[in-house]
Amino acid sequence: MVIRSGQDPGVRVRLHNRQFLDEHETAFSIDIDADGLHAHLRDVIVAVWDIEDLPGFLDGLADSFRGWTGTRSWAASHLRLTAAFHSRGHVELRWTLRPWDSRQDSWEATVTTWIEAGQQMTGLAADVRDFLARPEPVLFQVPPCTCCLEHVRFVERPVGGDAE
């Protein structure tokens, strides 16, 4: 999925290569682009036990479409997202990538996207939720043997796979 800035169409954030590591953790890659800048991180990891998930953070911003003071932040793994409300209902979203939190000599890259506080933010939250969503298992019938269909059992099989 791609997020573009309303004020500068050359700024872009791309979430892609989603993978389910296990039943608790999801990894994805992120690219940020702006004039003269390209940064890529692989394996941003979000987990079900995170205090607040990314779609929930974005939902909170959308619910506060009338504005707030100061900044609000969300972070996971090597990604930090900071939001500030500005006049005329625009939200400044700063996407910061940092591959090594523990190293002093690590690089860091930030781009800023501008989103309208109401409908656009609600749509962004829904798109991110869809991107990170785990596929629902589908039940299908598997006969236990070829001689009869009396003992039909149901097996779960995930639908879908990697999303971009």
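How much area does the chain expose, and what share of it do carbon and sulfur atoms supply? The chain exposes about 9900 Å², and carbon and sulfur atoms supply 49% of it; accessible areas come from the Shrake-Rupley method with a 1.4 Å probe. This is a predicted model, in which local features need pLDDT of at least 70 and side-chain atom pairs count only at pLDDT 80 or more, while totals for chains, interfaces and linings use all residues. Residues are numbered from 1 along each chain as its sequence is written, and side-chain values use heavy atoms, with hydrogens and water left out.

The chain has two helices and ten strands, taken as DSSP runs (H or I, at least four residues, for helices; E, at least two, for strands) numbered from the N terminus. Along the sequence, these elements follow the pattern β-β-β-β-α-β-β-β-β-α-β-β.

Of the 164 residues in the chain, 36% are buried, that is, under 20% relative accessible area (1.4 Å probe, protein chains only). The largest nonpolar core has 37 residues. Such a core is a set of buried Ala, Val, Leu, Ile, Met, Phe, Trp, Tyr and Cys residues joined through side-chain atoms within 4.5 Å. Its members I30, L58, L93 and W95 touch the most other members. The helix α2 gives the most to this core, with six residues.

L93 also shows how distant parts of the sequence meet. Leaving aside neighbours within four places in sequence, L93 is in contact (heavy atoms within 4.5 Å) with residues including L61, L81, V111, M121 and L124. Across the chain, residues 24 or more positions apart account for 43% of the contacts with a separation of 6 or more.

Terms used:
Buried means under 20% relative accessible area, exposed over 50%, partly exposed in between (1.4 Å probe, protein chains only).
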